[in-house]
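Subject: Structure handover

Hello,

I am passing on a structure that you have not worked with before. Please open it alongside this email and keep it in view while you read the notes.

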Amino acid sequence: MWPWCGIRTGQPTDEVTPVADIVFAFDPAIHRPIAVPQGVSAEIAETITTAAVAALEQAAAVASKANAGGLVLCGRILDPARSSPAQAARLRQVIISLAARGCRTVLLADDNSFCHDISRMLGEPRGLFFVTPLAPLEFEVRGLAIEIVSAHGPSGAGSAAAFTAAASPLHRRIVIGWDSALWNPEPWTPDEPEYGVAPTPAILPSAAAFASAAAASTAWSQPGTFWIWASRHRQSLPPGVHFLPALQARAIDEASAGNCCTLTLLDREPREASADDDGFATPHADWRGTWHEVPTHRVSWRTVSVESPAGGDEELATTIWGALENLPADRQPVLEIVRCSVACGTSVARRVRIGEIAAETLARVRDLYDAKSFRVWCQEIVAEPTESLAPLGHARSGSRPGSTTSFSSALADIVTLVEQSQAIPADQAREAGWLALELIESV
């Protein structure tokens, strides 16, 4: 885990009531709170442990303020086998509160057993609905028929085969797919049995497969269909597929700090009431262009880079604190977890020195933390692990005597070859190379 640092928050702005008919939220996973690093205060620990459920409640607040017709949840929501009664109670309260305002809560599930288990755990609250790969859900919002379809089966084949009817002008079909990237801390899949085979990221099913299945489906290719792909992983999506990030990030390498997304399907322009008003609304002319992200995260991650100063921990702490003070103010009540990266060039001795004074420097920086003016917690101070080793190699140094050691040059050449072969990500290859050099230097 990374050490913590806080950032000043700006003055709150006047809230603007969003306009939306459907709110979408991905992977709240409220049964898996974010791990709390050691040494944090009780206030910070509380913010971190409640961030997942607070993000879900923020998405529900967006739906409530917008008078939306539905809050659609996909990904991990609440595991009946490992969740606590308190976590179930907070999800139940979200569903009941939205139902009181005429808003449905729609859960996308992999199979019927999950629907039964979660329904029993929550006490079958009013306003709770389910979607499975073989059973979509259709409901109306002010006269417009909306169909929610899950593509989380094998390439969405079940849903695509079951629904081939063309959508009418007063019908919107919303197809949702997602992957399980970054759900677990392990970056690679474990099933790579052959030696020399590069592992592949665990992000299946893929957005490309989802888009191909959607384009090939006679049901999903209708003009009234809207495609959504949800993931924690950064990726480029095919044309026509809209990205849905997670409600709350759990690490710095995610696609977004945390957002829900809104979609406006109906014209919300005010009109004068008449005696023959039937309560129906006009479909929004540019409804595809109304896809918007709304922040829901309570914790975010950031890397702050500084140049390595001369001197010891006091000089480094002053440099880091100056960089933190210059960070742009976040206008949301968000706690930022900061990793401080110190650039050392090709000086292995300086990298070792940074490791030696990191603990003292971190203590000095944390002593300046003020929860009233800053919402930043400095979690870690490290020598920049992704700096290139190429200047140490034979090609760059020219093999001049005394320019580098033979071991450093050979290792730098190996890292460069690994980067070019793309057997593993370049940042991991460089980090491993620097660790080896630092180990030799410190012996």
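The notes below start with the whole chain, then take the two sheets, two loop residues and one helix.

Please bear in mind that this is a predicted model.

The chain as a whole

The chain holds eleven helices and 15 strands. Of its 443 residues, 47% are buried. Among contacts with a separation of 6 or more, 74% are between residues 24 or more positions apart. The chain exposes about 21,200 Å², and carbon and sulfur atoms supply 54% of that area.

The six-stranded sheet

One open sheet is built from six strands in the order 5-4-3-2-11-12, with mixed pairing. Its edges are strand 5 (128-131) and strand 12 (292-295), each of which pairs on one side only. From one strand to the next, the twist averages 25°.

Within this sheet, strand 3 (residues 70-74) and strand 4 (residues 104-108) run parallel and are joined by four bridges. To find the pair in the viewer, start from G70, whose bridge partner in strand 4 is R104.

Helix 2 (residues 51-65) packs on the sheet. Helix 2 touches strand 2 (22-26), strand 3, strand 11 (259-263) and strand 12, and its direction makes about 170° with that of strand 2.

The loop between helix 2 and strand 3 contains N67. This residue is not a glycine, yet N67 has a positive phi of about 55°. As background, most residues other than glycine have a negative phi.

The five-stranded sheet

A second open sheet has five strands in the order 6-7-8-9-10, and here too the pairing is mixed. Which strands stand at its edges? They are strand 6 and strand 10 (241-244); each has a single partner strand, so one side of each is left without a neighbour in the sheet. With direction ignored, neighbouring strands of this sheet are turned by 25° against each other on average.

Strand 6 and strand 7 run antiparallel, with five bridges joining them. V141 stands opposite L144 in strand 7. The loop between strand 6 (137-141) and strand 7 (144-150) contains R142. R142 is another residue other than glycine with a positive phi, in this case near 50°. Its relative accessible area is 36%, so R142 counts as partly exposed.

Helix 6 (residues 207-216) lies across strand 8 (171-178), strand 9 (225-230) and strand 10. The helix runs at about 165° to strand 9.

Helix 7

Helix 7 (residues 313-325) has 13 residues. From its first C-alpha to its last, helix 7 reaches 18 Å, close to the 18 Å expected at 1.5 Å a residue.

Which residues of helix 7 are buried? They are D313, L316, A317, I320, W321, A323 and L324. Seen down the axis of helix 7, these buried residues fall within an arc of 155°, so they line one face of the helix. The general rule behind such a pattern is that an α-helix has 3.6 residues a turn, so residues three or four places apart point the same way.

If you want a starting point in the viewer, take G70 and R104 for the strand 3 and strand 4 pairing, then V141 and L144 for the antiparallel pair.

Regards

Terms used: Residues are numbered from 1 along each chain as its sequence is written. This is a predicted model: local features need pLDDT of at least 70, side-chain atom pairs count only at pLDDT 80 or more; totals for chains, interfaces and linings use all residues. Side-chain values use heavy atoms; hydrogens and water are left out. Helices (H or I, at least four residues) and strands (E, at least two) are DSSP runs, numbered from the N terminus. The expected span of a helix is 1.5 Å times one less than its number of residues. Buried means under 20% relative accessible area, exposed over 50%, partly exposed in between (1.4 Å probe, protein chains only). The arc is that of the directions from the helix axis to the C-beta atoms. Contact means heavy atoms within 4.5 Å. Accessible areas come from the Shrake-Rupley method with a 1.4 Å probe; for residues, only the protein chains shown count as cover. Two strands pair if DSSP finds at least two bridges between them. Axes are lines fitted to C-alpha atoms, for helices over the stretch in contact, and angles run from 0 to 180 degrees between N-to-C directions.
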